[in-house]
Amino acid sequence: MGKTAIIYASMSGNTEAIADLIEKGLNEAGSEAEKFEAMDIDGTVFTEYDHLLIGAYTWGDGEMPDEMLDLYDEMDDYDFEDKTIALFGSGDTAYDLFCGAVDLLAEKIQQNNGSLIMESLKIECFPDGDQEEACLEFGRQFARCIQSAVRS
Ligand SMILES: Cc1cc2nc3c(=O)[nH]c(=O)nc-3n(C[C@H](O)[C@H](O)[C@H](O)COP(=O)(O)O)c2cc1C
């Protein structure tokens with residue numbers, strides 16, 4: 001089935017909480033993942049893992065946060081054509097560019113031959129209430145995508 005990595009950047013814990021819930025959803029649907037903080041890894045993760053869930057909070061004026069910047073720049077050295085990819089993030093709708101970093105990641109993946117298997121998950125601050133279930137379901141749905149790709 002291939003290996004799944006959940007990669008995230010989080011300063012105050014909201015995006016980390018989303019990553020944890022996505023992993024829980026994946027597990028519920030019978031898949032496993034390894035989770036990494038973006039600043040602890042480099043681009044080799046893009047060759048070692050077949051399925052990628054990548055998440056970031058948004059900083060500045062719709063900008064990529066510092067913790068994700070190196071990995072974001074390194075994406076230009078890789079080809080994402082054969083990868084299963086979905087994106088997630090936490091933001092705040094009080095800002096003009098809600099979850100702008102998620103959109104920047106999507107553009108970068110597309111520039112490097114990749115495509116997204118699911119619509120990106122954008123969470124308002126902390127994933128509570130209905131948003132908690134949305135994160136779990138995102139994980140379950142991603143698991144179903146990679147499982148059905150194996151069967152077909
Ligand atoms: C200085 C600053 C700038 C921000 N800019 C944006 C922004 O442009 N768009 C957005 O959606 N959220 C923005 N946010 C909100 C954060 O992305 C949001 O608080 C998020 O939940 C933080 O996630 P974390 O807990 O994973 O660090 C900004 C927050 C701060 C402190």
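**View 1. The ligand and the residues around it in this predicted model.** Start with the neighbours: the ligand is surrounded by 20 residues. Closest to the ligand are Ser10, Met11, Ser12, Thr15 and Ser90. Sorted by class, this shell holds 10 polar, eight nonpolar and two charged residues. If you like to think in secondary structure, look for α1 and β4, each of which gives the shell at least two residues.

**View 2. Backbone atoms that meet the ligand's oxygen and nitrogen atoms.** Which backbone atoms lie 2.8 Å and 3.1 Å from an oxygen atom of the ligand? At 2.8 Å you will find a backbone N or O atom of Thr58, and at 3.1 Å a polar backbone atom of Gly13. A nitrogen atom of the ligand has its own partner, a backbone N or O atom of Leu97, at 2.9 Å. Taken on its own, the ligand has 640 Å² of accessible area, and the protein covers 84% of it.

**View 3. The largest pocket, with its volume and centre.** Now picture the protein atoms without the ligand: the largest pocket encloses about 300 Å³ of space. Its lining is made of 19 residues, and those closest to the pocket centre are Tyr57, Thr58, Ser90, Gly91 and Asp92. Two elements give two or more residues to this lining, namely α1, spanning 14-28, and β4, spanning 84-91.

**View 4. The ligand in its pocket.** Where does the ligand sit? The space that the ligand takes is the largest pocket. Among the residues to pick out here is Ser90, which is one of the closest to the ligand and also one of the closest to the pocket centre. Thr58 is likewise one of the residues closest to that centre, and its backbone provides the 2.8 Å approach to a ligand oxygen. For the character of the pocket wall, the lining divides into 10 polar residues, eight nonpolar ones and one charged residue.

Technical notes: Residues are numbered from 1 along each chain as its sequence is written. This is a predicted model: local features need pLDDT of at least 70, side-chain atom pairs count only at pLDDT 80 or more; totals for chains, interfaces and linings use all residues. Side-chain values use heavy atoms; hydrogens and water are left out. On a 1 Å grid over the protein atoms alone, a cavity is a set of points where a 1.4 Å probe fits but cannot get out, and a pocket is an open set with protein on both sides within 12 Å along at least five of seven lines; lining residues have an atom within 4 Å of a point. Grid points are joined across faces, edges and corners, and a volume is the space filled by probe spheres set on the points. Helices (H or I, at least four residues) and strands (E, at least two) are DSSP runs, numbered from the N terminus. Ala, Val, Leu, Ile, Met, Phe, Trp, Tyr, Cys and Pro count as nonpolar, Asp, Glu, Lys and Arg as charged, and the others, Gly among them, as polar. A residue is near a molecule or strand if one of its heavy atoms lies within 4 Å of it. A polar contact is a pair of N or O atoms within 3.5 Å; within protein, one must be able to donate a hydrogen and the other to accept it, and residues adjacent in sequence count only if both atoms are side-chain atoms. Accessible areas come from the Shrake-Rupley method with a 1.4 Å probe; for residues, only the protein chains shown count as cover. A molecule sits in a cavity or pocket if more than half of its atoms lie within 2 Å of its grid points.
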